[in-house]
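Visitor: I should like to learn how the features of a model such as this one are read. Please take them one at a time, with the general idea before the case.

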Amino acid sequence: MGYYVYMVRCEDGSYYTGIATDVSRRMAEHRSRAGRCARYTRTHRVVALVGLWIAPDRSLASTLEYRIKRLPRDKKDALLADPAHADALVPLREGEGTRFSPVSAAEMARIWEASAK
């Protein structure tokens, strides 16, 4: 089971960041604005999946989510413009390489469309 860190854009232009094992299911929950959707996305309608990274484990996914949530808006925009820089948000340990793999825009679009069904 893999973990994903995602960013969505809300109708008011704000971002929401979270983690999930099944991104399509999680997007459907956010879009429904009921049930297991986040409190924030109940009042801020989600309109697009804008960032998605594969994390090697839950611990690193949670750490990346935490770091993204604390970035100022301009840094979030910069990360979305160059998603490969996610590794820079969580310091590498000696001998570690890339940990967070960005998901392509085409795959994000496919996931977003699947969550509408």
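Visitor: What span should the twelve residues of helix 3 have, and what is the distance between its end C-alpha atoms?

Guide: The expected span of a helix is 1.5 Å times one less than its number of residues. Helix 3 covers residues 58-69, so its twelve residues should span 16 Å, and its end C-alpha atoms are indeed 16 Å apart. Helices here are DSSP runs of H or I with at least four residues, strands are runs of E with at least two, and both are numbered from the N terminus. This is a predicted model, in which local features need pLDDT of at least 70 and side-chain atom pairs count only at pLDDT 80 or more, whereas totals for chains, interfaces and linings use all residues. Residues are numbered from 1 along each chain as its sequence is written, and side-chain values use heavy atoms, with hydrogens and water left out.

Visitor: Which residues of helix 3 are buried?

Guide: Buried means under 20% relative accessible area, exposed means over 50%, and partly exposed lies in between, with a 1.4 Å probe and protein chains only. In helix 3 the buried residues are Leu60, Ala61, Leu64, Glu65 and Ile68. They lie on the same side of helix 3, because they cover an arc of only 140 degrees around the axis. That arc is taken from the directions from the helix axis to the C-beta atoms.

Visitor: In what order do the four strands form the sheet?

Guide: Strands of a sheet pair through backbone hydrogen bonds, either parallel or antiparallel. The criterion for a pair is that DSSP finds at least two bridges between the two strands. Here four strands form an open sheet in the order 2-1-3-4, with antiparallel pairing. Strand 2 and strand 4 are the edge strands, each pairing on one side only. Strand 3, residues 46-55, pairs with strand 4 over two bridges, and Ile54 stands opposite Ser101 in strand 4.

Visitor: How many bridges join strand 1 and strand 2?

Guide: Strand 1, residues 3-10, and strand 2 pair in the antiparallel sense over six bridges. One of the facing positions is that of Tyr4, whose bridge partner in strand 2 is Ala20. The two strands form a hairpin with four residues between them, and Gly13 in the turn has a positive phi of about 90 degrees.

Visitor: Are the faces of strand 2 covered or open?

Guide: In a regular strand the side chains alternate between the two faces of the sheet. Both faces of strand 2 are covered, with Tyr15, Thr17 and Ile19 buried on one side and Tyr16, Gly18 and Ala20 buried on the other. Six of the six residues of strand 2, residues 15-20, are buried, so the strand is largely enclosed by the rest of the structure.

Visitor: How many aromatic pairs does the structure hold?

Guide: A pair of aromatic rings is described by the distance of the centres and the angle of the planes. Rings of Phe, Tyr and Trp (its six-membered ring) pair if their centres lie within 6.5 Å; planes under 30 degrees apart count as stacked, over 60 as edge-to-face and the rest as tilted. The structure holds two such pairs. Tyr6 and Tyr16 form a tilted pair, 6.4 Å centre to centre with 45 degrees between the planes. This pair links Tyr6 in strand 1 to Tyr16 in strand 2, ten residues apart. The rings of Tyr16 and Tyr40 have their centres 6.1 Å apart and their planes at 15 degrees, so that pair is stacked. Tyr40 belongs to helix 2, residues 39-43, and is 24 residues from Tyr16. Tyr16 is buried at 15% relative accessibility, while Tyr40 is partly exposed at 30%. Tyr6, Tyr16 and Tyr40 form one aromatic cluster.

Visitor: Which ring lies under the charged end of Arg31?

Guide: A charge sits over a ring if NZ of Lys or CZ of Arg is within 6 Å of the ring centre and within 35 degrees of the ring normal. The charged end of Arg31 sits over the ring of Trp112, 3.8 Å from its centre.

Visitor: What is the sign of phi at Arg33?

Guide: Most residues other than glycine have a negative phi, and most peptide bonds are trans. Arg33 has a positive phi of about 60 degrees although it is not a glycine. Arg33 is found in the loop between helix 1 (23-32) and helix 2.
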